[in-house]
Amino acid sequence: MKATFFLCAILNISLGNASCDAYSSSRSPLGGASAEHGRISRVNRTSRRQPVYRQDLRVNALTTQEDDGGEHGKNRLDRIRGGGYQVQNLNASYMKLLEDYPCKTKSITAGVVTAIGDVIAQSIEARVAGVRTSFDILRLLSFTVAGTVYVGPFVHYIYEVLWMIGRKLERMGVTKTWRTITQVIIDQTIGVWLFFPTYFYVFEIAEGMVAGRSPMFSRATAKVKNELIGVIISNYRLWPLVNYINFSYVPESLRVLFGNIVSIFWNAYLCTKMA
């Protein structure tokens, strides 16, 4: 459990150091780039843009070999380009699904990301305990259900609200910086503090459904008392830095993918707290 915690806690930065300008399309309470999802959905309805793939810098290094007639360099270059095109095509297909079916796509994505996170969490827990990994399928299914029916829809609609607030403030003449600061405050207060306590109870309900028993809300309440503050502090430690990197250095077409990859490790940590 502690090993998983350090995956997230090692990225320690305060909220004030986050990039406010990038926030209007940044993080979700559970992590990832769900606001970016929502922004893409709305932008693409009026102006469809083909995602741009930034080729690996190794391509430039291999171009000289190709020009010199080096067959080995040419083959390596073809493989790199082929892999790049595959990433571009998969990313474009995913963006299209976000545009056409935003809530459903985010729900399925949240379920998959949460499931992968729990697989990692259970593996780390077994290694730390010094025992052979034996996956708890009921626990895995419980997290998958909770991610699909709660996490995905929650982050979809909370960022719909944030987007509408931003648009209203824009019509009122509020500057972009203050619009973003307002969205940060709403997300880091109402969003975070509504999402996490509820998630403990949603997981308990999901676990009861999968196990065929009645939910034990007293157990969820105990977890909220023992784990909630630590989870929220870890959330503040991780996501501001991740979003700064995402919106400063990652190409726009790959920001959702980057956010989802980080979310896998965030969910690995979260799973150890929920289970």
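Colleague: Leaving aside neighbours within four places in sequence, which residues is Met-274 in contact with?

Modeller: Bear in mind that this is a predicted model. In it, Met-274 reaches Phe-143, Tyr-199, Phe-200, Phe-203 and Lys-223, once neighbours within four places in sequence are set aside. The cut-off for a contact is heavy atoms within 4.5 Å, so each of these residues has a heavy atom within that distance of Met-274.

Colleague: What makes Met-274 part of the largest nonpolar core?

Modeller: A member has to be buried, be one of a set of residue types that includes Met, and join the others through side-chain atoms within 4.5 Å. The largest core has 33 residues, and Met-274 is listed among those with the most contacts inside it, along with Tyr-150, Phe-195, Phe-196, Tyr-199, Trp-266 and Leu-270. Membership needs burial under 20% relative accessible area, so Met-274 must fall under that value.

Colleague: And which helices each supply at least two residues of this core?

Modeller: Those are H6 (102-129), H7 (137-171), H8 (176-211), H9 (217-249) and H10 (255-274). The biggest giver is H7, with 9 residues.

Colleague: Why is the aromatic pair of Tyr-150 and Tyr-199 called stacked?

Modeller: Two checks. The ring centres are 6.0 Å apart, and the limit for a pair is 6.5 Å, so they count as a pair. The planes differ by 10 degrees; anything under 30 degrees is stacked, so that is the label. Tyr-150 sits in helix H7 and Tyr-199 in helix H8, 49 residues apart, so to speak a link between distant parts of the chain. Both tyrosines are buried.

Colleague: What about Phe-195 and Phe-196: why is that pair edge-to-face?

Modeller: Their centres are 5.1 Å apart, which passes the 6.5 Å limit, and their planes meet at 85 degrees; over 60 counts as edge-to-face, so the name follows. Phe-195 and Phe-196 are buried as well. A search of the whole structure turns up 10 aromatic pairs, and ring pairs tie Tyr-150, Phe-154, Phe-195, Phe-196, Tyr-199, Trp-266 and Tyr-269 into a cluster.

Colleague: Why is Val-161 called partly exposed?

Modeller: Its relative accessible area is 36%. Buried would need under 20% and exposed over 50%, so Val-161 lands in between. Val-161 belongs to helix H7, and its C-alpha is 9.7 Å from that of Gln-183, which is 22 residues away along the chain.

Colleague: How do you know that H6 is close to the span expected at 1.5 Å a residue?

Modeller: H6 has 28 residues; the expected span takes 1.5 Å times one less than that number, so the expectation is 40 Å, and from first C-alpha to last H6 reaches 40 Å. After H6 comes Gly-130, with a positive phi near 75 degrees.

Colleague: Where does the UniProt annotation put the "transmembrane region"?

Modeller: The unreviewed UniProt entry gives residues 137-159, 180-202 and 254-272. In the model, 137-159 is 100% helix and 0% strand, with end C-alpha atoms 32 Å apart. For 254-272 the figures are 95% helix, 0% strand and 28 Å.

Colleague: And how many helices and strands does the protein come to?

Modeller: There are 10 helices and 0 strands. Of the 275 residues, 46% are buried. About 14,200 Å² is exposed, with carbon and sulfur atoms supplying 62% of it.

Conventions:
Residues are numbered from 1 along each chain as its sequence is written. This is a predicted model: local features need pLDDT of at least 70, side-chain atom pairs count only at pLDDT 80 or more; totals for chains, interfaces and linings use all residues. Side-chain values use heavy atoms; hydrogens and water are left out. Helices (H or I, at least four residues) and strands (E, at least two) are DSSP runs, numbered from the N terminus. Buried means under 20% relative accessible area, exposed over 50%, partly exposed in between (1.4 Å probe, protein chains only). Accessible areas come from the Shrake-Rupley method with a 1.4 Å probe; for residues, only the protein chains shown count as cover. UniProt positions are given in the numbering used here, feature names are shortened, and annotations may be inferred rather than shown by experiment.
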